[in-house]
Number of protein chains: 2
Amino acid sequence: MSTRPPTVAVLGATGAVGRELILLLEQRDFPLDRLKLLASPRSAGCRLVFRGEGLTVEAVSGEALAGVDLVLASAGGSISRRWAPVMGAHGALLIDNSSAFRLDPQVPLVVPEVNLATASRHQGVVANPNCTTILLLLALAPLRRLAPLRRVVVSTYQSASGAGAQAMAELETTSRDVLQGRQPRNHVLPHPLAFNLFLHNSPLDRNGYCEEELKMLRESRKILAQPDLRLSATCVRVPVLRAHAEAVNIEFDAPVSVDAARQVLAEAPGVTIIDDWANNRFPMPSDVTGKDPVAVGRIRQDSSHSNGLELWLCGDQIRKGAALNAVQIAEAMVRHGWLKPPSPSPRHPDQDAPVLQP
Amino acid sequence: MSTRPPTVAVLGATGAVGRELILLLEQRDFPLDRLKLLASPRSAGCRLVFRGEGLTVEAVSGEALAGVDLVLASAGGSISRRWAPVMGAHGALLIDNSSAFRLDPQVPLVVPEVNLATASRHQGVVANPNCTTILLLLALAPLRRLAPLRRVVVSTYQSASGAGAQAMAELETTSRDVLQGRQPRNHVLPHPLAFNLFLHNSPLDRNGYCEEELKMLRESRKILAQPDLRLSATCVRVPVLRAHAEAVNIEFDAPVSVDAARQVLAEAPGVTIIDDWANNRFPMPSDVTGKDPVAVGRIRQDSSHSNGLELWLCGDQIRKGAALNAVQIAEAMVRHGWLKPPSPSPRHPDQDAPVLQP
């Protein structure tokens with residue numbers, strides 16, 4: 001790899017996560033030679049500002065990807081699957097925010113604070129985990145140093161942003177409807193979310209878990225490299241704009257003290273503690289909106305299990321739950337010189353396509 | 001007891017639960033001779049309609065309580081504690097919605113579908129459980145017939161109504177603030193609730209559980225008559241107006257099949273099933289607002305425990321979570337002739353006051 005800074009493309013540049021990616025590349029002074037903004041043909045022609053300069057969004061194509069070293073993609077699984085082989089042929093590293101490649105054994109699934117080293121062994125794709133998984137693992141991974149994790153029961157409080165920018169706008173319009181005595185009308189979300197909430201509407205498996213809940217289980221197992229981790233999640237969409245919360249019940253193999261847990265979490269990268277028992281002050285979505293760290297609090301001994309801890313966490317879904325985690329991966333790839341795969345890449349569009357299918 | 005229908009008083013008549021009590025007494029055609037509306041001196045003089053007739057709210061006093069056979073109270077613990085001895089002296093039965101007497105061993109704590117028989121042994125006070133407890137037990141109690149309960153982990157999604165009518169109004173005003181780009185201002189709730197959520201702000205015990213969470217544990221143990229029940233709750237206030245939801249993880253002493261659980265719940269009084277896996281349709285606050293039954297769904301085998309079930313429920317907090325449960329108790333007391341204590345009451349204001357302290 002040359003020492004020239006990489007040419008970077010954001011794919012899905014006009015979405016909620018795409019816009020945050022651009023903002024973070026600017027705010028964090030990401031070392032890049034040139035930024036290209038890519039999206040579906042429908043969004044091509046939009047102008048977005050980066051470092052004070054107006055950039056035109058281009059429709060994604062083989063031509064538009066030529067010369068790109070690094071793609072940060074947040075355009076959905078089918079777009080990622082379609083264009084990954086082309087990126088591979090061009091020698092570009094894909095850091096993908098969709099679920100398309102997360103469980104592919106050849107693709108590292110990375111939370112930099114937890115398992116960055118696995119990213120060095122990529123074959124052209126590094127996957128960004130689901131938002132709820134990232135937030136959960138920032139707390140679970142450090143706690144695991146105190147005792148092995150046996151079982152986790154988690155309930156989520158997920159904001160509209162997880163369903164995209166249009167869902168956020170719909171939460172606002174349906175809230176106006178309700179406040180003005182009108183029937184709320186939903187087009188993006190499966191039900192009106194204003195002053196309401198509902199179980200995550202991703203497809204159910206035959207056991208009644210939805211895909212969002214299964215992502216948390218499977219991705220946590222892969223990232224923690226603990227295939228026997230037991231985890232049961234209930235994922236719920238709540239009328240909050242862009243920060244998720246999670247109520248987490250953790251069973252360890254041995255008792256873990258609240259003080260030890262609090263100390264480990266206080267020292268954990270990416271975590272901030274809001275655990276003020278005297279003032280009854282704990283993390284809220286409004287504390288973390290637009291912020292980087294995941295806030296953890298109400299860390300307490302589980303009254304129903306001697307080896308159990310309960311805790312509560314909040315994190316910005318668009319930031320650490322998606323865009324920030326991807327940019328942190330990208331920064332590490334550049335810093336460590338890992339943009340190109342460790343060995344001569346065997347990648348070739350036709351060869352790779354089957355491997356990349358989940 | 002004479003066969004004359006009782007004179008009934010609603011204490012706290014102008015609150016969210018008080019108004020619902022009046023509505024339910026009317027809608028359910030409660031057999032009463034006369035209805036008196038009582039409240040703090042601040043609310044005295046308000047006019048409320050019952051059965052098409054305007055009634056004036058009186059300030060609560062010994063005089064106002066004279067001749068009353070049955071008081072439905074929802075005016076807070078200190079008011080209930082203050083006036084319970086006076087009601088006792090007048091021979092009136094108090095059905096109390098506050099937490100003042102719930103854990104008093106002499107006071108039955110009643111969910112009619114679960115433990116109505118205990119109400120017959122009252123000594124002048126019957127307590128109405130906390131909203132989250134009532135909703136949970138409508139599902140837990142029938143399931144217990146399939147296998148003994150070992151441990152319950154529950155996360156709540158509690159509406160503004162649980163904090164009273166003013167909190168509901170504040171959720172609306174702060175939502176307007178946010179939608180109009182203004183800083184939301186809270187006076188009733190501890191934080192702005194609009195597009196936000198926070199852990200229930202009741203006082204914490206030394207283990208870090210808040211009172212709301214401990215109520216669920218202690219009240220469930222008492223109502224189920226299972227003092228060794230293990231239960232850990234995380235109680236969360238969400239920006240919903242008047243229906244609560246709960247994500248419930250239940251560990252039994254033996255495996256329980258999803259089909260058996262669904263059948264038992266489908267036949268359980270006070271429960272309705274919304275569990276449509278094909279259409280991904282499960283209970284939402286908007287399904288149960290203003291409705292009587294608790295809706296249960298997403299009943300599934302816990303993927304993390306062979307003896308575990310996960311389920312999700314929603315119920316109207318003001319209705320079954322408070323006013324309806326109290327009116328159902330009252331109806332049963334009248335129907336069974338239990339208004340007066342089973343033996344000559346030993347009640348006397350001075351004697352009783354210490355016993356009634358929690």
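**View 1. Superposition of chain B on chain A in the predicted model.** Chain B is brought onto chain A by a rotation of 180° with 0.0 Å of shift along the axis, at an RMSD of 0.0 Å. The two copies are thus related as by a two-fold rotation axis. Both copies use the same surface, since 100% of the contact residues of chain B recur in chain A.

**View 2. Positions in chain A that UniProt lists under "binding site".** The unreviewed UniProt entry names T14(A), G15(A), A16(A), V17(A), R42(A), S43(A), S161(A), G162(A) and Q317(A). These positions span 304 residues of sequence and are also spread in space, with up to 25.4 Å between C-alpha atoms.

**View 3. Surroundings of S161(A), one of the listed positions.** S161(A) lies in the loop that connects β9 (149-157) with α6 (165-179) of chain A. Its relative accessible area is 4%, so S161(A) is buried. Apart from neighbours within four places in sequence, the residues in contact with S161(A) are M168(A), L241(A), R242(A), Q317(A) and I318(A).

**View 4. Surroundings of Q317(A), another of the listed positions.** The loop between β16 (308-316) and α10 (319-335) of chain A holds Q317(A). With a relative accessible area of 5%, Q317(A) is buried. When neighbours within four places in sequence are set aside, Q317(A) is in contact with C131(A), S159(A), S161(A), G162(A), R242(A), A243(A), H244(A) and A322(A). Among these contacts, S161(A) and G162(A) also appear in the UniProt "binding site" list.

Conventions. Residues numbered from 1 in each chain as written. Chains lettered and ligands numbered in written order. Predicted model: local features only at pLDDT ≥ 70, side-chain atom pairs only at ≥ 80, totals over all residues. Heavy atoms only, no water. Least-squares fit on C-alpha atoms with pLDDT ≥ 70 in both. Contact = heavy atoms within 4.5 Å. UniProt positions renumbered as here; feature names shortened; annotations may be inferred. Helix = DSSP H or I, 4+ residues; strand = E, 2+ residues; numbered from the N terminus. Buried < 20%, exposed > 50% of the residue type's maximum accessible area, 1.4 Å probe, protein only.
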